[in-house]
Amino acid sequence: MIKLNNIIRCALCTLTAALTLSASAADLSVSGPDGRLKLDFSLLEGGKPSYEVFYDGVRILDPSPLGFVATLGDFSKDLILKESSSESLEYSYTQSRIKRSSIDVKANKLLVTLTNDKKQQISIDFRVSDNDIAFRYVIPSQPDKRYGQKFSIRVMKEATGFDFPSQTRTFLTPQSHAMIGWKGTKPSYEEEYKYDRPMEERSSYGHGYTFPCLFRVPSEGVDYWALVSETGNDSQYCGCRLGDMSGDGLYSVEFPMAEENNGNGTSEPAFSLPGATPWRTITVGSSLKPIVETTVAWDYVEPKYESSHDYKFGKSGWSWIVWQDDATNYDDQMKFVDMASALGWDYILVDAGWDKNIGYAKMEELFREARKKNVEVFLWYSSSGWWNDIEQSPVNVMADPIARKKDMEWMQKNGVKGIKVDFFGGDKQETFRLYEQILSDADDHGLMVIFHGCTLPRGWERLYPNYVGSEAVLASENMFFGQGSCDREAQDAATHPFIRNSIASMEWGGCFLNRHIRRGNVGGNTRRTTDCHELATTVLFQNAIQNFAITPENLGKRGQVVEDYNAPGAPAPQICVDYMKEVPTTWDETIFIDGYPGKYVVLARRSGDKWYIAGNNATGAPLKLEITLPELQKGGELTLYSDNLKTREPEKSSVKYNGKALKLSMADKGGFVAVY
């Protein structure tokens, strides 16, 4: 075992190629600073690289394969150890668009360098903190008989895997078939989760599972948790997923399906040498706290470019989510401008069809009128048109560098603040290259970017300074299209803080105050959750710009008495409207308090010196909780938004908090927010 020195970034300890490796024992180890999380690296029989993971001595991963096969050589077997080195890492960074604004990273690094039978070399870079593991493959230029050196690589297949003990349970969402769904736009990370399932159960489509993937490993009465994902994927690689389990617990990394994006582009990534693959990450703990609070998705990636623009994040109105396509006209968009202005919000999002229904010239007038009311505008675009059958316009702009720059110049000239780009439908490197091109060009023109109908963002908040968030989840729009999504909303809200939203911003587009998901609050699908549940989602879901589902009909006159706010056409309770004026969208700190995936969750987030504690309940019955939060030990007075358990209507009250325990009750499909 290599002992890691507690010296910042250095103190290298090199082992030479003279080391002899046994076939089964752990030959190299690296632990987190507190010693609880440990990774063992070995070369197994046949020179196959492998690793194991332990937490508090409990096995989290059985021996799991490493390596890959590339055009220039096989790095998954017949490998020998050339050298290894270790060092301690300690540094800090700031980030305005994730769950913490100031992050301190303390980790130990193990770098293992291997050679194959052709004398070709790779290194595996392991980073282990108290609760997180990240690793990647680092590939130098390689000797080549014809040219002397080889400076390019195409990775044909990864051997990388995660082999869980047989008793493990899963919380996973499947990868869909390619070219299905609306106009052939899938896969788009919009499938349902299954909870606490045995590993033997196959995925719904037979293509495995999208990242992130949550696993529960019970051992001697304690539940250990592991969240598996990847980060740092950019134009130099593709997006990956986990295949269906093979053997007795092995999930292997797989590349995109050939059929994705209408067959355009290769499934296998290629990049120049020297280079490195994205990071694969594993967050581990004996509770769910490290899973919810992890920052590993951003800890080891670096910004791709610096921005000269100062981007402002905040709240936004969005007509399409409830009022749909017919609302993309000048008069209705001005109603949302007026609503945003009345609420003190920063933005509105004008959705699909604005170029045809309103037109570029009339949009310029809308920009000017909105700005007079201190409201700025985001515009919707389709990503392209040749890899799906999308007709919603503008099309064929964002995938065309000439048309894209022309529109971005127009937007910059007219003060547009950002774009929402939709309908990508694939994880190939070609598509990741398009994401990066859109982001880079947008930053040149001072535009923030939201992606929709898209892949999971992988460290993009730190990679790209103008990136805001992505959908990549079965999001709020489905509540308009199906009652089943309304029925499932509380369960979804109790899921995403543990999985999808744990490793990336999530543009869910929620907080409905209509009881009926239809314009005028009449007809359509029926929302099952309480209003306090909806308020809680503003804290439970994290995205630097939140496109909320509030509509103009939700705004009643101040002081108006609403006898039945669930009645068709009735405005929302004033206490909810007032809350929506104040809640922030960026956070300085996030703390997990209690919960279980798909059942309930309680989080605390701090913005400046103000804490927001929020929870929701999807257990099927009223839920009583006692909450303690060390950050509030001094006691004081909380403003509490909570359910009336009899009427299910929202109530606002002041509660004395003694620093010990806050007792709360939530209705089924209900929630609360406490502001301190």
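1. Two strands pair if DSSP finds at least two bridges between them. In this predicted model, strand 27 and strand 28 (residues 448–451) satisfy that condition, for four bridges join them in the parallel sense. One of the paired positions is Lys420, whose bridge partner in strand 28 is Ile450.

2. On strand 26 (residues 376–382), a parallel pairing with strand 27 is formed by five bridges. Here Ser382 has Asp422 of strand 27 as its bridge partner.

3. The surroundings of strand 27 (residues 418–422) deserve attention: five of its five residues are buried, and the strand is mostly covered. In a regular strand the side chains alternate between the two faces of the sheet. In strand 27, Gly418, Lys420 and Asp422 point one way, while Ile419 and Val421 point the other way. The residues of both groups are buried.

4. Helices connect these strands. Strand 26, helix 7 (residues 401–413) and strand 27 form a β-α-β unit that is right-handed. A right-handed β-α-β unit is also made by strand 27, helix 8 (residues 429–444) and strand 28.

5. The wider arrangement is an open sheet of seven strands with parallel pairing, in the order 29-28-27-26-25-24-32. Its edges are strand 29 (467–470) and strand 32 (546–548), each of which pairs on one side only. On average, neighbouring strands of this sheet are turned by 25° against each other, direction ignored.

6. Elsewhere in the sheet, three bridges link strand 24 (residues 315–318) with strand 25 (residues 347–350) in the parallel sense. Within this pairing, Trp318 stands opposite Leu349 of strand 25. Helix 6 (residues 360–372) lies across strand 25 and strand 26, and runs at about 150° to strand 26.

7. A further point concerns two helices. How far apart are the axes of helix 11 and helix 12, and at what angle do the helices pack? The axes of helix 11 (residues 483–493) and helix 12 (residues 531–540) are 11 Å apart, and the packing angle is about 40°. Angles under 35 degrees count as roughly parallel, and 65 to 115 as roughly perpendicular; helix 11 and helix 12 are therefore oblique to each other. The crossing in which helix 11 passes helix 12 is left-handed.

8. The residues that meet between these two helices can be named. Helix 11 contributes Glu489, Ala490 and Ala493, and helix 12 contributes His533, Glu534, Thr537 and Leu540.

Note on methods
Residues are numbered from 1 along each chain as its sequence is written. This is a predicted model: local features need pLDDT of at least 70, side-chain atom pairs count only at pLDDT 80 or more; totals for chains, interfaces and linings use all residues. Side-chain values use heavy atoms; hydrogens and water are left out. Buried means under 20% relative accessible area, exposed over 50%, partly exposed in between (1.4 Å probe, protein chains only). A crossover is right-handed if, with the strands pointing away from the viewer, the path from the first strand over the helix to the second runs clockwise. Axes are lines fitted to C-alpha atoms, for helices over the stretch in contact, and angles run from 0 to 180 degrees between N-to-C directions. Angles under 35 degrees count as roughly parallel, over 145 as roughly antiparallel, 65 to 115 as roughly perpendicular and the rest as oblique. A crossing is left-handed if the near helix is turned anticlockwise from the far one by less than a right angle, and right-handed if clockwise. Contact means heavy atoms within 4.5 Å.
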